[in-house]
Amino acid sequence: MQVLHLARTLALTVIISALLVFCVELIVRGSLEQTLLFFQQPFRPGWTTVVIFALVLVFLDALLGRAHHALLLVAPLALLLAFIGHQKSLYLGDPLYPTDFLYARQIVELTPLLVRQRPMSAVFMVIGAIAAIGMLVYAWKFWRRRIPALSWRARITRLGLALPALVFFGSIMDYATFSWARDRLQIIPIMWDQKENYNSNGFAIAFALNVPMAKVLAPAGYSDKAIAAITRPEADNPVLPAEKPDIIIVMNESFWDPTRLPGLEITPDPIANVRSLESGHIFSPEFGGMTANVEFEALTGFSNAFLPYGSIPYQQYVRSPIPSLATFLKSEGYATKAIHPFGGWFWNRTPVYQAFGFDTFLSADNLPPLASRGPLVSDKALTEEIIRQADATHDPFFIFTVTLQNHGPYEPNRYWDTSHTVSGNVSQTARDSVLSYAEGASDGDKGLARLIEWAKNRERPTVIAFFGDHLPPLGPVYIETGFMKDQVAPRKAPLPEMSLQHETPLVIWSNRSGPAENIGSISPAFLPLHVLQTAGISHPYYTGFLGGVREHFRVVDRNMLVTPNDEALPDWSRAKEIDPEIRDYRLLQYDMMFGKRHAAPEFFPETTGKPVPAT
């Protein structure tokens, strides 16, 4: 009789699990057809997911002591994660990763901006959340009053059934190791294409496969001998001009050319100054967000292409000193300052900048009050603060600044005193959103003009670099104008499409030689190379090794390499033979970030205890 009761309970649990998994996939995919396809196709592990959910429910029932009680815990959590995953995919184009919760505070802090853009949606979400919590509390109390407790024998039986199976499934989720059982269950880790990974394996299993991704494995062939075999730069020590140039790099939030939107006319030109000085473009590895990943490349000369898909180096990997432009310039007597007018915790910048070798990080925590335009600190006020900091610094300096004003979302009527007009055959909401964005981009453009005006009157040599980290998250505007088919750019596409949707303007300017020219479209990792070349500075890694890589490739993306002649090499990481330049690049990066730092003495001599000049 007890066996029959257990069988009925397990059968009902499987049915409940199937319904729950179906709802999760429907929310994430946003398509009934695609959800049905997930369960119908034999090479997709839909029913394996159902079994896993059923085992989790049985296991938690045993711990809670009542049949089907775990549903009140698992269902709300699974459905909430599915909703968050759908929203992230909708606005940023990427699925939800376990590591996203490392920066949950960032999302909370940006909530006021999101509420401003969609106030009614926010109201309904709050009401829905309150109602859901109330219903959950009521259901919990009702369940405990009406459903009898399981006997200890029944609880032990459930644990004995579920626990070994869950341990088994957990053991096969490390995508970096081969699993015969995982292959038989049609769970195929597609870590190089996360959109397809989630589409094929389903939300729950793909999410679980990404749990180990914070672990970075050594590239094939990594050893001290492999590092020793990498071609050494001709000059093994940095060389600087007698008069060291001051260097300012401004990464302007979401700075892009909105006149690229087809069918729209924006007057006057919102980025006229940048257009007249443009040196090239940054080929951003991100779209609509993930600023810190672009920043990581621009400061270190390392590439996200060699790190696990979806990882965030600032959150996961920067736990000890890592060489950067700041490390190098500090060793040469420069005062090194980072400025960002938001909290120092955002993207974990306070410890990261310290690990990168910055003397000072000026954030909202210690900056003087700066004027806002719209909801955020204005680019004009921040530019004046850069100038104030520069004028107060007597030593050669390196100032790296991340702006804030033009952070999305771009709700209509963000500014009451607009100076542009937007016309075109799109909805009024789309025109208003573009106007809000263009006004912010124009303020960034004027900020660059102000910096250059100031630098022209300086006696000291000064180099200024200015670029956007990624395209703005304009959402439906892209679809209405026909710029893209979806609200977010794909991670993999032909080179012309990728260039259109990932390029942001780049200016590198010197008060001695004017704007650098014909740089082309480059990965952010090559920014240190071109900045130092413009400054007349050589370094064994930043201008030596990276210069060699740049001669072969102008873009190093995880899904594509691009040569200076615009030849695209897609899916390079899956090839049997990897280009020697890229192989050595990956080996060097792993060695300095995770390995034994065999390369430090010859490629990063400033990290090996070399005395820092007096300042």
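Which residues of helix α9 (residues 194–201) are buried? Start with the close-up that answers this, and keep in mind that every view here comes from a predicted model.

**View 1. Helix α9 and the glycine after it.** The buried residues of α9 are Gln194, Asn197, Tyr198, Ser200 and Asn201. Right behind the helix comes Gly202, and its phi is positive, near 85°.

**View 2. A nonpolar patch on the surface.** Here Leu80, Phe83, Ile84 and Phe101 make up a nonpolar patch, and together they offer about 340 Å² of accessible area. Zoom in on Ile84 and you are in helix α4, which covers residues 71–92. With a relative accessible area of 32%, Ile84 counts as partly exposed, because that label covers anything between the 20% and 50% cut-offs.

**View 3. Helices α21 and α22 crossing.** This one frames α21 (residues 527–535) and α22 (residues 540–552), whose axes come within 9 Å and cross at roughly 120°. That angle makes α21 oblique to α22. As for handedness, the α21 and α22 crossing is left-handed.

**View 4. The Glu286–Arg491 salt bridge.** The model has 18 salt bridges by count, and this panel picks out the one where the side chains of Glu286 and Arg491 meet, at 3.1 Å from N to O. Glu286 sits in the loop between β3 (280–283) and α13 (291–300), while Arg491 sits in the loop between α19 (476–481) and α20 (495–502), so the pair ties together parts that are 205 residues apart in sequence. Are these two partners buried or exposed? Glu286 is buried, at 7% relative accessible area, and Arg491 is buried too, at 18%. Both labels follow because the cut-off for buried is under 20%.

**View 5. A salt bridge between helices α17 and α18.** Glu384 and Arg450 bring their side chains together in a salt bridge, with N and O 2.7 Å apart. Glu384 belongs to helix α17 (residues 379–391) and Arg450 to helix α18 (residues 428–456), so this pair links distant parts of the chain, 66 residues apart. Glu384 is partly exposed, with a relative accessible area of 33%, and Arg450 also counts as partly exposed, at 28%.

**View 6. Sequence neighbours in a salt bridge, and a network.** Arg583 pairs up with Asp584 in a salt bridge, and their closest N and O atoms are 3.0 Å apart. The two ends get separate labels: Arg583 is partly exposed at 39% relative accessibility, whereas Asp584 is buried, with a relative accessible area of 11%. For the second half of the panel, pan over to Arg373, Asp417, Glu439 and Asp443, which are linked in a network of salt bridges.

**View 7. Two cis peptide bonds.** Most residues other than glycine have a negative phi, and most peptide bonds are trans. Against that background, look at the bond between Thr267 and Pro268, which is cis with omega about -10°. Pro268 is part of the loop between β2 (264–267) and α12 (272–277). A cis peptide bond also joins Gly408 and Pro409, this time with omega about 5°. You'll find Pro409 in the loop between β8 (397–402) and β9 (421–424).

**View 8. Positive phi outside glycine.** Which phi value does Met290 take? It's near 60°, which is positive even though Met290 is a residue other than glycine. Met290 lies in the loop between β3 and α13, and it is buried, with a relative accessible area of 11%. Asn348 does something along those lines: no glycine, yet its phi is positive, about 65°. The loop holding Asn348 runs between β4 (335–339) and α16 (349–356).

**View 9. Arg458, past the end of α18.** Arg458 lies in the loop between α18 and β10 (462–468). At 17% relative accessibility, Arg458 counts as buried. How far apart in space are Arg458 and Leu435? Going from C-alpha to C-alpha, the separation is 35 Å, for two residues 23 apart in sequence.

How values were computed. Residues are numbered from 1 along each chain as its sequence is written. This is a predicted model: local features need pLDDT of at least 70, side-chain atom pairs count only at pLDDT 80 or more; totals for chains, interfaces and linings use all residues. Side-chain values use heavy atoms; hydrogens and water are left out. Patches are made of residues with over 30% relative accessible area and no salt bridge: like charges are joined within 9 Å, nonpolar side chains (Val, Leu, Ile, Met, Phe, Trp, Tyr) within 5 Å. Accessible areas come from the Shrake-Rupley method with a 1.4 Å probe; for residues, only the protein chains shown count as cover. A salt bridge is a side-chain nitrogen of Lys or Arg within 4 Å of a carboxyl oxygen of Asp or Glu. Helices (H or I, at least four residues) and strands (E, at least two) are DSSP runs, numbered from the N terminus. Buried means under 20% relative accessible area, exposed over 50%, partly exposed in between (1.4 Å probe, protein chains only). Axes are lines fitted to C-alpha atoms, for helices over the stretch in contact, and angles run from 0 to 180 degrees between N-to-C directions. Angles under 35 degrees count as roughly parallel, over 145 as roughly antiparallel, 65 to 115 as roughly perpendicular and the rest as oblique. A crossing is left-handed if the near helix is turned anticlockwise from the far one by less than a right angle, and right-handed if clockwise.
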